[in-house]
Amino acid sequence: MGTVVTLEDIVAKTPDLPSFPAAAMKVLREAESSTSNASSIAQILAQDQALSARVLRLANSAYYGLTRKVSNLQESVVVLGTRCVRNLCMVAATYPWMSRSLDGYALGPRELWTHSFGTALGSQFIARFSKKCNEDLAFTAGLLHDIGKVALSVWLENKTLSVAKYASQADVTFDAAEKRILGFDHCQVGEHLAINWNLPEDIVAAIRWHHTPGAIENTPPLVDCVHLGIYMTMAMGLGLGGDGLQYEFCPDSFDRLGISATALDQIADEFLSAYAEYEQMFHELAAA
Amino acid sequence: MAPPSTTSVGLGQILVLEDKGCVRCNEIGSTVALVAYIPEDKIGGVAHIVLPEGTDSGHAARYANRAPQALVEALCGKQGNKQILFAYVGGSQVLHGQGSESWSDLGARNVLAIEQQLQSMDATVVATDTGGAYGRSLTLDVSTGALTISSFTRGSQVLCNFIQKLEAA
């Protein structure tokens, strides 16, 4: 595989490129609409049987502690709320391809999922604490932030160790090394994919700038939340692949969101309790 | 001969094995894997510590100010007053880059808190591998006392052998 590859090549020539279910996309948009209700969300979900089944399984899990079993989609939206169902929908839609191995990033089975789900939860906790952006949107953006790796992985196969070593020796970040070697990094590929999928603009921005929040003018709080969600996930070693910890973190993100080191420890403590409970539950149910 | 069975220890957990088997701690970032071993009885355990301090007694293994004592109690619940040797691995630097100097990195704070706690316990530390901007994994083979660490870019190496350390002392 030559080194002259374009972003269009990545999307056009990558085998097994993941797709985002149309129903999940519609739910994502409908949940943000002021006219959405339980019935409209349920009708959209019902268009995709596999997705609906996964969402119902998640809704009936022990985590939510419902006193009786939810048997239909509309009821699940009424009981759990629109935003919660939207997040369940995102988890159900992405798990099948996020749980696969990514050889190009030296990520074994479930490792991208572990990292992405951890970042989703971390971003949500940061958003909740900072009160600077919608926490459910932060969850979705955190979950999807590394979709570029899914597409770029095959182009990096057998090169990961040399890219990681190059980054280390040249004292640059892994995304900078990707850019020098391939001409672009996984954030740019993710942005391209997200636009192709017609994801909302704020999520596209979070995917594009998640490692370099200072590079975008008037950094949106959502980008900072995802950046710090990644910090938390990496600090805890969740789903570290060949790129490991070879990224820079932007202290301005902490300042912009008004989060101190002490507060971050407190958030991390709460995150850890939630992560252990959620992650296993989502894994068991989504994998079923 | 079949390889020894391996059990993983999760974030904020303690795992102790006796006589045979391996304890594995995967993907150590800013967290620290504290290893304690009784060479005389081939009993070893790992605490996967996440934060410098905390008060939640239900999650003692999560905090550097509580985990060392909790690990010793987990070990000594299996045996009496024998010499315990310690090692710790991890505390990677995640926060680096321009402007990060003003932030106290979680990995460094975790390591410092563990050092202080072990000093206060007058513990014998035989090996450490901390810091750096890379993740690690660790495996303790309880039957041989060998502690192996690995990382993606640096490969795998035996950090120490607790039984040999005791014999050499």
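**Exercise 1. Place Ser151(B) in its chain, state whether it is buried or exposed, and list its contacts.**

Step 1. Ser151(B) belongs to strand β9 of chain B, residues 146–151. Helices (H or I, at least four residues) and strands (E, at least two) are DSSP runs, numbered from the N terminus. The model is a predicted one, in which local features need pLDDT of at least 70 and side-chain atom pairs count only at pLDDT 80 or more, while totals for chains, interfaces and linings use all residues. Residues are numbered from 1 along each chain as its sequence is written, chains are lettered from A and ligands numbered from 1 in the order in which they are written, and side-chain values use heavy atoms, with hydrogens and water left out.

Step 2. The relative accessible area of Ser151(B) is 11%, so the residue is buried. Buried means under 20% relative accessible area, exposed over 50%, and partly exposed in between (1.4 Å probe, protein chains only).

Step 3. Leaving out residues up to four places away in sequence, Ser151(B) touches Tyr134(B), Gly135(B) and Arg136(B). Contact means heavy atoms within 4.5 Å.

Step 4. The side chain of Ser151(B) also reaches the backbone nitrogen of Arg154(B), at 3.2 Å. A polar contact is a pair of N or O atoms within 3.5 Å; within protein, one must be able to donate a hydrogen and the other to accept it, and residues adjacent in sequence count only if both atoms are side-chain atoms.

**Exercise 2. Describe the surroundings of Thr173(A).**

Step 1. Thr173(A) sits in the loop between α10 (160–170) and α11 (174–182) of chain A.

Step 2. With a relative accessible area of 16%, Thr173(A) is buried.

Step 3. Its side chain makes a polar contact of 2.7 Å with the side chain of Asp175(A). Not counting residues up to four places away in sequence, Thr173(A) touches Ala167(A), Gln246(A), Tyr247(A) and Glu248(A).

**Exercise 3. Find which residues of chain B Ser273(A) is in contact with.**

Step 1. Ser273(A) is part of helix α16 of chain A, residues 261–287. Its relative accessible area is 32%, so Ser273(A) is partly exposed.

Step 2. Apart from neighbours within four places in sequence, Ser273(A) is in contact with His59(B) and Arg62(B).

**Exercise 4. Work out how helix α3(A) is covered and what is found at its start.**

Step 1. Helix α3(A) spans residues 38–45, and six of its eight residues are buried. These are Ala38(A), Ser40(A), Ile41(A), Ala42(A), Ile44(A) and Leu45(A).

Step 2. The cover over these residues includes α2 (22–32), α4 (49–59), α5 (73–80) and α6 (82–98) of chain A.

Step 3. At the start of the helix, a side-chain oxygen of Asn37(A) comes within 3.0 Å of the backbone nitrogen of Ser39(A).

**Exercise 5. Describe how α2(A) packs against α3(A) and against α6(A).**

Step 1. Two packed helices are described by the angle between their axes and the distance between the axes. Axes are lines fitted to C-alpha atoms, for helices over the stretch in contact, and angles run from 0 to 180 degrees between N-to-C directions.

Step 2. The axes of α2(A) and α3(A) are 9 Å apart, at an angle of about 165°. The two helices are therefore roughly antiparallel to each other. Angles under 35 degrees count as roughly parallel, over 145 as roughly antiparallel, 65 to 115 as roughly perpendicular and the rest as oblique.

Step 3. The crossing of α2(A) and α3(A) is right-handed. A crossing is left-handed if the near helix is turned anticlockwise from the far one by less than a right angle, and right-handed if clockwise.

Step 4. In this contact, α2(A) contributes Ala23(A), Lys26(A), Val27(A), Glu30(A) and Ala31(A), and α3(A) contributes Ser40(A), Ile41(A), Ile44(A) and Leu45(A).

Step 5. For α2(A) and α6(A), the axes come within 10 Å and cross at roughly 160°. This pair is therefore roughly antiparallel too, and its crossing is left-handed.

Step 6. Ala24(A), Val27(A), Leu28(A), Ala31(A) and Glu32(A) of α2(A) meet Thr82(A), Arg86(A), Cys89(A), Met90(A) and Ala93(A) of α6(A).

**Exercise 6. State the phi and the location of Asn158(A).**

Step 1. Asn158(A) is not a glycine, yet has a positive phi of about 70°.

Step 2. Asn158(A) lies in the loop between α9 (147–156) and α10 of chain A, and at 80% relative accessibility counts as exposed.
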